[in-house]
Amino acid sequence: MSTAAVSIDPKATLIDNLRRVGGMYVNDLAHIPAEKLGESPMGAARTPLDFTAECAGFNYYVASTLKGEQITRTQEERDAFRNSIDSFDKAKQALEASVENLADTVSNSTHEDLAKEVVTPWGEPTTAHRLAIMCVMHMMYHDGQINYIQALYGDAENHWA
């Protein structure tokens, strides 16, 4: 067994995970037929464009929170943002831009900034770092939905490789 010390940089790991999961998400989204992106599978589920807009919006929200900005959006503003994402190209651009915005924010944050307590949109106190990790988990959660929707439309391949 090696006696060399291994150092793990939590900021670098978080940034890498944001970009990797964001890339996987967009890649999987590209494999849903364009005409199905705005459709509700089986008539009851949310559309891929809807939860992609949610992921992008949450990434932007967390970046603002990490910067110490107080963001409040009306329901009309949130609806307008969601409705503006009405194609694959717009969904891809929104998600990629939100990931880069958050990755840049994390990169420009100190370790002390990331250790500060913030409050989630649902009222739970947590660290800024953990809130940013939730963005990775949130995108991965919805990427799982994208994979399932792909399967519903006949595509059972894993597109991550």
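**Briefing: two antiparallel helices and their surroundings**

Helices H2 and H6 run roughly antiparallel to each other, because the angle between them is over 145 degrees. The model described here is predicted. Its chain contains six helices and two strands, and this briefing considers the pairing of H2 with H6, two cysteines, and two further residues in helices H1 and H4.

**The chain as a whole**

- Read from the N terminus, the elements follow the order α-α-α-α-α-β-β-α.
- Along the principal axes, the C-alpha atoms occupy a box of roughly 50 × 50 × 25 Å.
- The chain has 161 residues, of which 38% count as buried.
- When contacts between residues at least 6 apart in sequence are considered, 74% of them join residues at least 24 apart.

**The packing of H2 against H6**

- H2 covers residues 48-66, and this helix packs against H6 at an angle of about 170°, with the two axes 10 Å apart.
- On the H2 side, the residues that meet H6 include Pro48, Phe51, Cys55, Phe58 and Val62. On the H6 side, the residues that meet H2 include Leu131, Cys135, Met139, Ile146 and Ile149.
- The residues of this contact comprise 14 nonpolar, five polar and one charged.

**Helix H2**

- H2 has 19 residues, which at 1.5 Å a residue should span 27 Å; the C-alpha atoms at its ends are 27 Å apart, in agreement with that expectation.
- Of the 19 residues in H2, 15 are buried, so the helix is largely enclosed by the rest of the structure.
- Glycine 68 follows H2 and has a positive phi, near 85°.

**Helix H6**

- H6 consists of 25 residues, numbered 128-152, and at 1.5 Å a residue its expected span is 36 Å. The C-alpha atoms at the ends of H6 are 37 Å apart, which agrees with the expected value.
- Glycine 154 comes after H6, and its phi is also positive, near 95°.

**Cysteines 55 and 135**

- The number of disulfides is zero, where a disulfide requires two cysteine sulfur atoms within 2.5 Å.
- Cysteine 55 takes part in no disulfide, and the nearest cysteine sulfur, belonging to cysteine 135, is 8.7 Å away.
- Cysteine 135 is likewise in no disulfide, its nearest cysteine sulfur being that of cysteine 55 at 8.7 Å.
- Cysteine 55 counts as buried because its relative accessibility is 0%. Cysteine 135 also counts as buried, because its relative accessibility is 0%.
- Both residues belong to the contact described above: Cys55 is among the H2 residues and Cys135 is among the H6 residues.

**Leucine 14 in helix H1**

- Leucine 14 is part of helix H1, which spans residues 10-29.
- Leucine 14 has a relative accessible area of 3% and is therefore buried, the limit being under 20%.
- Apart from neighbours within four places in sequence, leucine 14 is in contact with Val106, His129, Ala132, Ile133 and Val136.
- Leucine 14 and alanine 63 are separated by 49 residues in sequence and by 13 Å in space, C-alpha to C-alpha.

**Lysine 92 in helix H4**

- Lysine 92 is located in helix H4, residues 88-107.
- Lysine 92 counts as partly exposed because its relative accessibility is 30%, and partly exposed residues lie between the limits of 20% and 50%.
- From lysine 92 to valine 106 there are 14 residues in sequence and 21 Å in space, C-alpha to C-alpha.

Technical notes. Residues numbered from 1 in each chain as written. Predicted model: local features only at pLDDT ≥ 70, side-chain atom pairs only at ≥ 80, totals over all residues. Heavy atoms only, no water. Helix = DSSP H or I, 4+ residues; strand = E, 2+ residues; numbered from the N terminus. Expected span 1.5 Å × (residues − 1). Axes fitted to C-alpha atoms, helices over the stretch in contact; angles between N-to-C directions. Parallel < 35°, antiparallel > 145°, perpendicular 65-115°, else oblique. Contact = heavy atoms within 4.5 Å. Nonpolar A, V, L, I, M, F, W, Y, C, P; charged D, E, K, R; others polar. Buried < 20%, exposed > 50% of the residue type's maximum accessible area, 1.4 Å probe, protein only.
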